[in-house]
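Visitor: I am new to this structure and should be grateful for a guided introduction. May we look at it together?

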Amino acid sequence: MRRVGALLRRYGFDVLIAITAIEIALEVALRYGAPNGPTTPRWFAVLASALIVVPLLARRRFPFAAPAAVWVLAAALSFVDGRLLGFTTTASVAGLVAAFLLGNLRDARLGRVGLAVVIGGPALVIYNDPSHSPGDLVFLPVSFVIGWLAGYALRVRATQAEEAEDRATGAERERTSAARIAVAEERARIARELHDVVAHAVSVMVLQVGAVRHRLPPALDEDKDALMDVEKAGRAALTEMRRLLGAMHDGEDVDLAPQPGLDSLDDLVERVSRAGLPVRLQVEGDAVPLSRAVDLSAYRIVQEGLTNALKHAKASRADVTVRYDPEDLELEVRDDGVGASSNDGLGHGLVGIQERVKIYGGEMSAGPGQGGGFVLNARLPLDGRRS
């Protein structure tokens with residue numbers, strides 16, 4: 001059935017053209033000899049009238065020439081026998097189809113030429129018909145112009161639909177690209193932040209190893225050498241980390257300030273409130289010591305939520321909730337605004353935060369709240385907290 005449907009869609013119109021040609025030939029053959037009928041021989045009238053629609057079979061290869069040839073042949077035939085085409089009504093249907101195809105051309109210039117053909121062709125056919133009336137020279141060409149206008153309107157609508165689809169595709173491509181950039185930037189930012197965390201830990205280890213090495217008695221020279229190797233490896237690791245950090249910054253200024261954590265939320269809330277967005281901070285549960293990575297990420301999540309509420313959500317207030325569960329740290333930023341500014345409901349900053357949460361094995365959701373406003377909720381596992 002699918003194959004039959006595909007064949008009908010591709011060749012169905014060609015079949016109709018062939019049927020139309022046969023019908024025109026039969027109409028001329030059966031009515032030949034009637035009053036005001038053709039003056040040419042029967043065989044010529046039948047063959048010529050049927051051949052007028054044949055050029056439509058080449059409409060795919062020649063979208064302009066094929067329908068235009070219908071009217072060119074009709075006009076030429078009217079000089080041979082002015083009564084032939086006016087004698088058959090089926091030929092008018094073929095003329096309307098040709099006019100529609102000329103109006104439906106994608107090339108606007110050829111479409112205008114086709115309009116001239118649609119006006120001039122019928123006018124010549126009617127003018128060469130001895131039985132025509134003065135009104136026929138106006139009204140009959142106008143009827144074919146209506147067919148041209150129908151094709152033109154359909155072409156305009158199809159063009160607008162294609163342009164809208166292209167714009168939607170381009171916008172989706174831009175959103176996808178922007179999301180990828182946001183994820184890449186957030187990953188780079190996380191890497192720079194983790195450099196401080198890891199570098200601090202390695203530095204402490206190197207110092208402790210050096211202190212132990214200096215306190216060992218001379219009798220333990222082999223142990224001193226082993227600790228010396230550990231100390232050198234640690235310093236080499238720090239050197240490589242600094243080199244990688246410089247490459248990641250790529251000429252940017254390195255922020256040497258201490259990385260913030262949840263203990264800096266009061267300062268963040270105060271800054272946002274001074275910027276024009278009143279914020280209420282609420283801490284639930286018993287606070288536990290967090291690893292520096294989780295602590296920093298939690299701060300960044302709240303920071304992005306408040307930034308989004310301040311810059312994009314048009315909010316008048318915001319509530320921040322930090323909830324310590326036995327196994328998770330839950331963060332919620334709720335405002336009374338409209339949420340993220342991107343069409344998919346997730347701003348580029350939130351896309352980066354989502355990547356940060358994903359890296360630490362957590363979960364995040366962002367969207368309209370049940371009572372209105374916008375809610376950012378994130379849950380981070382406490383597997384990395386300090387003992």
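**A sheet and a pair of helices**

Visitor: In what order do the five strands of the open sheet stand?
Guide: The model before us is a predicted one. Its open sheet has five strands with mixed pairing. Read across the sheet, the order is E1-E2-E3-E5-E4.

Visitor: Which strands stand at the edges, each with a single partner strand?
Guide: The order across the sheet is E1-E2-E3-E5-E4. A strand at the edge has a single partner strand, so one of its sides is left without a neighbour in the sheet. The strands placed in this way are E1 (279-284) and E4 (363-368).

Visitor: By how many degrees are neighbouring strands of this sheet turned against each other on average?
Guide: Here the direction of the strands is ignored. The average turn between neighbouring strands of this sheet is 10 degrees.

Visitor: Over how many bridges do E3 and E5 pair?
Guide: Strand E3 covers residues 328-335 and strand E5 covers residues 374-381, and they pair in the antiparallel sense. Aspartate 328 stands opposite proline 381 in E5, while aspartate 335 has phenylalanine 374 as its bridge partner in E5. The pairing of E3 with E5 extends over eight bridges.

Visitor: Which residue in the turn between E4 and E5 has a positive phi?
Guide: E4 and E5 pair in the antiparallel sense over six bridges, with glycine 367 opposite valine 375 in E5. These two strands form a hairpin with five residues between them. In the turn, a positive phi of about 100 degrees belongs to glycine 372.

Visitor: How many of the eight residues of E5 are buried?
Guide: Helix H10 (residues 292-311) lies across E1, E2, E3 and E5, running at about 175 degrees to E5. Strand E5 is mostly covered. Among its eight residues, the number buried is seven.

Visitor: Which helix lies across E1 and E2, running at about 160 degrees to E1?
Guide: Strand E2 spans 318-324, and the helix in question lies across both E2 and E1. With residues 265-274, this is helix H9.

Visitor: How are the helices H3 and H6 oriented to each other?
Guide: The axes of H3 (residues 65-80) and H6 (residues 108-127) come within 8 Å and cross at roughly 20 degrees. Angles under 35 degrees count as roughly parallel. The orientation of H3 to H6 is therefore roughly parallel.

Visitor: How many nonpolar residues does the contact of H3 with H6 have?
Guide: Residues of H3 in the contact include Trp71 and Phe79, and those of H6 include Leu124 and Val125. By class, the contact has two polar and no charged residues. The number of nonpolar residues is nine.

Definitions and conventions. Residues numbered from 1 in each chain as written. Predicted model: local features only at pLDDT ≥ 70, side-chain atom pairs only at ≥ 80, totals over all residues. Heavy atoms only, no water. Pairing = 2+ DSSP bridges. Helix = DSSP H or I, 4+ residues; strand = E, 2+ residues; numbered from the N terminus. Axes fitted to C-alpha atoms, helices over the stretch in contact; angles between N-to-C directions. Contact = heavy atoms within 4.5 Å. Buried < 20%, exposed > 50% of the residue type's maximum accessible area, 1.4 Å probe, protein only. Parallel < 35°, antiparallel > 145°, perpendicular 65-115°, else oblique. Nonpolar A, V, L, I, M, F, W, Y, C, P; charged D, E, K, R; others polar.
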